[in-house]
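The exercises below ask the reader to work through a sheet, two residues and a ligand site. Please look at the sequence and the structure before reading each solution.

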Amino acid sequence: MSSEVGVTSAEFRRACGRFATGVTIASVLDAQGTPHGLTVSSFTSVSLDPPLILICLGHRVSAIDAFRSSAHFGINVLAEDQRDLAERFTRKGQDRFDGLEWRRGKTGVPILAGVLAAIECAVRQRFTAGDHDVFVGQMVRARVAAGAPLIHLAGRYRRLDVSR
Ligand SMILES: Cc1cc2nc3c(=O)[nH]c(=O)nc-3n(C[C@H](O)[C@H](O)[C@H](O)COP(=O)(O)O)c2cc1C
């Protein structure tokens, strides 16, 4: 017997919003060599051996087909002073990489300058869950830098108070 009760989408958002996350830019290079990316907080570590992570991308994400067709994707973990990047990568109607400092990683995925972690993943699984696709990636390369992370909580960007 099911004891499930429904929640409204507002309740769902409010409850999930209580879970503080970091902020990343998920990135991919399409078959033409054009970079695509979007702001993503669904990044989660999954397994240590093998080293797996996941991200969830909505079916309406403009680059969803590029992510579905690529063997690799990138995760750029943002530093606290990169809020402008988080905002830029949700903005419509512009080339989000135009004028930005970025490079292709070993696997070709777009890596942004100044990020706290530049992670390259090989896609191991993809499956649909509701209105999102879950991409499970094996971390094949990771570069990290010192610094404080950008935080997202309850619909707002925040900084960690490291003094407490
Ligand atoms: C903090 C934050 C986290 C987000 N996390 C995700 C996510 O994990 N998956 C997703 O599909 N969209 C996420 N989004 C929404 C996308 O970044 C946004 O819809 C983006 O504009 C989609 O790209 P598109 O405009 O090219 O379709 C997030 C947005 C913000 C502000």
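Contact here means heavy atoms within 4.5 Å. This is a predicted model, in which local features need pLDDT of at least 70, side-chain atom pairs count only at pLDDT 80 or more, and totals for chains, interfaces and linings use all residues. Residues are numbered from 1 along each chain as its sequence is written, and side-chain values use heavy atoms, with hydrogens and water left out.

**Exercise 1. Describe the surroundings of Asp133, and state whether this residue is buried or exposed.**

Solution. Begin with the position: Asp133 belongs to strand E10 (residues 132–144), where strands (E, at least two residues) and helices (H or I, at least four) are DSSP runs numbered from the N terminus. Next, take the accessibility, for which buried means under 20% relative accessible area, exposed over 50%, and partly exposed in between (1.4 Å probe, protein chains only). Because its relative accessibility is 0%, Asp133 counts as buried. Then list the contacts: leaving aside neighbours within four places in sequence, Asp133 is in contact with Ile55, Cys56, Leu57, His59, Ile64, Arg68, Arg126, Phe127 and Thr128. Finally, look for a polar contact (a pair of N or O atoms within 3.5 Å; within protein, one must be able to donate a hydrogen and the other to accept it, and residues adjacent in sequence count only if both atoms are side-chain atoms). The side chains of Asp133 and Arg68 make such a contact, at 2.8 Å.

**Exercise 2. Locate Ser70 and identify what its side chain approaches.**

Solution. Ser70 lies in the loop between helix H2 (64–69) and strand E6 (72–77). With a relative accessibility of 18%, Ser70 therefore counts as buried. A polar atom of the Ser70 side chain is 2.7 Å from the backbone oxygen of His72. If residues up to four places away in sequence are not counted, Ser70 touches Val28, Leu29 and Val123.

**Exercise 3. Trace the strand order of the open sheet and work out which strands stand at its edges.**

Solution. The open sheet has seven strands in the order E3-E2-E6-E9-E10-E5-E4, with antiparallel pairing, and two strands pair if DSSP finds at least two bridges between them. Strand E3 (35–40) and strand E4 (44–47) stand at the edges, each with a single partner strand, so one side of each is left without a neighbour in the sheet. From one strand to the next, the twist averages 35°.

Now follow individual pairs. E4 is joined to strand E5 (residues 52–58) by three bridges, and these two run antiparallel; they form a hairpin with four residues between them. In this pair Ser47 stands opposite Leu52, while Ser45 has Ile53 as its bridge partner. E6 and strand E9 (residues 117–129) pair in the antiparallel sense over six bridges, with Asn76 partnered by Ala118. E9 and E10 pair in the antiparallel sense over twelve bridges, and here Glu120 stands opposite Arg141. In the E9 and E10 hairpin, which has two residues between the strands, Gly130 takes a positive phi near 60°.

**Exercise 4. Which residues come nearest to the ligand?**

Solution. Of the 18 residues around the ligand (a heavy atom within 4 Å), those that come nearest are Thr39, Ser42, Ser62, Lys92 and Arg96. An N or O atom in the side chain of Ser42 is 2.7 Å from a ligand oxygen atom, and the side chain of Arg96 places an N or O atom 2.8 Å from an oxygen atom of the ligand.

Terms used: Axes fitted to C-alpha atoms, helices over the stretch in contact; angles between N-to-C directions.
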